[in-house]
Amino acid sequence: MSEPLDAALRLMRAQAALVRRFDARLSGLHGVSLADFTLLLRLSRAPGGRMRRVDLAEALGLTASGVTRGLAPLERIGLVSREPDARDARVAYASLTGTGRERLREMLATAEETAADLFAAPGWNTQDIALLAGLLSRLGGTGLL
């Protein structure tokens, strides 16, 4: 097996392990998945805490229908609301509610703790973490900000 393929497969396995770990913590404590958390976090970083659904899809690397499916349960539990555009009835915004902001702060603390636990293992230092972040960025793994 070539080194590039081996590296790609290792990266995919690591990503799956990270998703499982974050999903377990976020679901167990807050009743949301990592996908829900990233959607809420991206919304929170948008001006006014709202985005057009199509822009949200693009920012998250999802399809418009994928974002709609992801938003539906968050709307049902009151973390996100749907806002029509006053000028164009075809446009809808996803907006973080006050409850959504509050719950996101709690989720963010859990996610920060989970990430800190991951890199608390022996052998990780701040330079290693920065190097990893830089390498992932080169592969297109840009942050949510």
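1. Helices, in the sense used here, are DSSP runs of H or I with at least four residues, numbered from the N terminus. By that convention, H6 contributes nine residues to the lining of the largest pocket, which is the largest share. The model under discussion is predicted.

2. Overall composition. The protein contains six helices and three strands. Read from the N terminus on, the order of these elements is α-α-β-α-α-β-β-α-α. The C-alpha trace spans about 55 × 30 × 25 Å along its principal axes.

3. The sheet. The three strands form an open sheet with antiparallel pairing, in the order E1-E3-E2. Strand E1 (50-52) and strand E2 (80-84) occupy the edges and have a single partner strand each, so one side of each lacks a neighbour in the sheet. On average, and with direction ignored, neighbouring strands of this sheet are turned by 30° against each other.

4. Pairing of E1 with E3. Strand E3 comprises residues 92-96 and runs antiparallel to E1, to which three bridges join it. In one of the pairings, Arg52 has Tyr93 of E3 as its bridge partner.

5. Helix packing on the sheet. Helix H3 (residues 53-60) lies across E1, E2 and E3. With respect to E1, the helix runs at about 95°.

6. The largest pocket. Its volume is about 2,000 Å³. The lining consists of 45 residues, of which Leu18, Phe22, Leu136, Gly141 and Thr142 are the closest to the pocket centre. Two or more lining residues come from each of helix H1 (3-30), helix H2 (34-45), H3, helix H4 (64-76), helix H5 (98-118) and helix H6 (126-138).

7. Character of the lining. Which residue classes make up the lining of the largest pocket? The division is 29 nonpolar, ten polar and six charged residues. For the reading of these counts, it should be noted that Gly is placed among the polar residues.

8. Salt bridges. Seven salt bridges are found in a search of the whole structure. One salt bridge links Asp6 and Arg10, whose closest N and O atoms are 2.8 Å apart; the cut-off for such a pair is 4 Å. Both residues belong to helix H1, and because they are four residues apart, about one helical turn separates Asp6 from Arg10.

Notes
Residues are numbered from 1 along each chain as its sequence is written. This is a predicted model: local features need pLDDT of at least 70, side-chain atom pairs count only at pLDDT 80 or more; totals for chains, interfaces and linings use all residues. Side-chain values use heavy atoms; hydrogens and water are left out. Two strands pair if DSSP finds at least two bridges between them. Axes are lines fitted to C-alpha atoms, for helices over the stretch in contact, and angles run from 0 to 180 degrees between N-to-C directions. Contact means heavy atoms within 4.5 Å. On a 1 Å grid over the protein atoms alone, a cavity is a set of points where a 1.4 Å probe fits but cannot get out, and a pocket is an open set with protein on both sides within 12 Å along at least five of seven lines; lining residues have an atom within 4 Å of a point. Grid points are joined across faces, edges and corners, and a volume is the space filled by probe spheres set on the points. A salt bridge is a side-chain nitrogen of Lys or Arg within 4 Å of a carboxyl oxygen of Asp or Glu.
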